[in-house]
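Work through the exercises below with the sequence and the structure open beside you. Try each task before reading its solution.

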Amino acid sequence: MRTGNKIAWIYTFLMMGLVIVIGSLFYVLTAYAVDRIYDSYLEEKAYASAEKHWEKDELDAESYALVKKRYEHSLPATREIIFNADSLEKAQEILSRYLTPKQIRQLYQGEDVVHFDASDDQLGIALYYPDNEGNFIVLVLSNNRYGARILLYMRWILGVSLLLTFLLVYAIGKLYASRLVNKIDEAYQREKAFISNASHELNNPLTAIQGECEITLLKERTPTDYQQSLQRIAFETSRMVTLMKHLLFLSKGDQEILKRTMEPIRLDAFLKEQATGQVTYLSNNSDFSIEANPYLLGIAIRNLFDNACKYSSGKIVYVWLEERTIIIQDQGIGIPESDKKRIFLPFYRGGNARGFSGQGIGLTLSVRILRSYGAAVRIDSEVGKGTRVLITF
Ligand code: ADP
């Protein structure tokens, strides 16, 4: 699994875990609060029921009508059990069906009301009611239908929130992860490929030098043989030194490139000076100048000239300035469409460049230097016709 996807999944599971924990906590607290509210309704019903039973003889008609009204308006759909608390055996028998021995003791020892859970969703209350006719106990049992409905809604809300969280977090996670993390992943893969290519490119001249030494040392040689052998070793060594220099440059950040002393450079004079041999400068007396380090700018431009010359096998290469743009035009082999994006990668060589010497690092280096001086590099090319490099400052 790609790192981006992995992070998106981890992020999603963490968020889901968080939503489940918070949701469950919220659910449990709500269920508790709903039951407690229902308990207070049961208590009211128990008192209303007791008063309806035993206060008729003590109240005038109007007050008793109010008591009855209160009874009718309090919780409907309840089951009431009323019995004499003083008939201990019978009371004990009924109470023990619903209450624990401790709760029964509490009721007889002066606690007016005792709440209990009659069954899974049935709540109950026991009320001890002393009256002039004797002491009574009122049991009220009821299914908390309102609470059950509230909790059902909550379960739905939590379920839907969980699903939405999953979809949303996964989508966001995937978007960011694939954008950011996959970029890091790609950079890491590029870095790995870079190291492997660099080792390979360094290994080639080293192997050549080693082979040259071994063959030369096999027997006594003439001074000319030694000279030729050393020349071959010097050639390979200089190839390696150039490659090392290029690699060192590539490993530097823009800031390090910009740290090199910069000075104003008039591009027409600069290009005229660099354009030698196969390269012809077409002057148009532009006075456009930039701030750069002449040594680094020289490396960048010369690499591009070298490529233009190399891939056009002796044909003239033109370079000129158009306002803020340097244009290098050759009439060489051109770059195949499929290679155009990748030639900027270190060590990448075009499919049609195999017959030419090179290590695939020059263009990357040039672009790196030119970009740190604020230039945009574009390459227009057609296979068999030629290549045009445009550097716009
Ligand atoms: P190389 O050492 O292969 O020339 P570069 O990094 O300089 O490496 O260039 C990378 C690739 O870009 C080359 O291998 C070649 O395929 C392509 N390329 C660059 N410049 C030109 C050009 N002027 N004409 C044709 N192909 C070019």
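**Exercise 1: The largest pocket**

In this predicted model, 40 residues line the largest pocket, and those nearest its centre are Asn303, Asn307, Lys310, Gly358 and Gly362. Task: state which elements give two or more residues to this lining, which one gives the largest share, and how the lining divides by class.

Solution.
- Step 1. Two or more residues each come from α6 (223-251), α9 (294-310), α10 (362-372) and β11 (386-392).
- Step 2. The largest share belongs to α9, with nine residues of the lining.
- Step 3. Sorted by class, the lining holds 17 nonpolar, 16 polar and seven charged residues.
- Step 4. The space in the largest pocket comes to about 1000 Å³.

**Exercise 2: The second largest pocket**

Task: give the volume of the second largest pocket, then describe which residues and elements line it.

Solution.
- Step 1. The volume is about 470 Å³.
- Step 2. The lining has 15 residues, and Arg190, Glu191, Phe194, Pro346 and Thr364 are the closest to the centre of this pocket.
- Step 3. At least two lining residues are supplied by each of α5 (145-217), α6 and α10.
- Step 4. Of the elements, α5 gives the most, namely six residues.
- Step 5. By class, the lining has eight nonpolar, three polar and four charged residues.
- Step 6. Compare with Exercise 1: α6 and α10 are among the elements listed for the largest pocket, and both are also listed for the second largest pocket.

**Exercise 3: A pair of helices**

Task: decide how α1 (residues 3-54) and α5 are oriented relative to each other, parallel or antiparallel.

Solution.
- Step 1. Take the angle: α1 and α5 pack at about 160°, and their axes are 8 Å apart.
- Step 2. Apply the cut-off: angles over 145 degrees count as roughly antiparallel.
- Step 3. The helices α1 and α5 are therefore roughly antiparallel to each other.
- Step 4. Add the handedness: α1 and α5 cross in a right-handed way.
- Step 5. Sort the contact of α1 with α5 by class: 24 residues are nonpolar, ten polar and three charged.

**Exercise 4: A four-stranded sheet**

Task: write down the strand order of the open sheet formed by four strands, and find its edge strands.

Solution.
- Step 1. The order is β1-β4-β3-β2, with antiparallel pairing.
- Step 2. An edge strand pairs on one side only, and this holds for β1 (78-84) and β2 (113-117).
- Step 3. From one strand to the next, the twist averages 15°.
- Step 4. Look at β3 (residues 122-131) and β4 (residues 134-143): these antiparallel strands are joined by ten bridges.
- Step 5. For one position, find Gln122, which stands opposite Asn143 in β4.

Conventions: Residues numbered from 1 in each chain as written. Predicted model: local features only at pLDDT ≥ 70, side-chain atom pairs only at ≥ 80, totals over all residues. Heavy atoms only, no water. 1 Å grid on protein atoms, 1.4 Å probe; cavity = no way out; pocket = protein on both sides within 12 Å on 5 of 7 lines; lining within 4 Å. Points joined across faces, edges and corners; volume = space filled by probe spheres on them. Nonpolar A, V, L, I, M, F, W, Y, C, P; charged D, E, K, R; others polar. Axes fitted to C-alpha atoms, helices over the stretch in contact; angles between N-to-C directions. Parallel < 35°, antiparallel > 145°, perpendicular 65-115°, else oblique. Left-handed = near helix turned anticlockwise from the far one by under 90°. Pairing = 2+ DSSP bridges.
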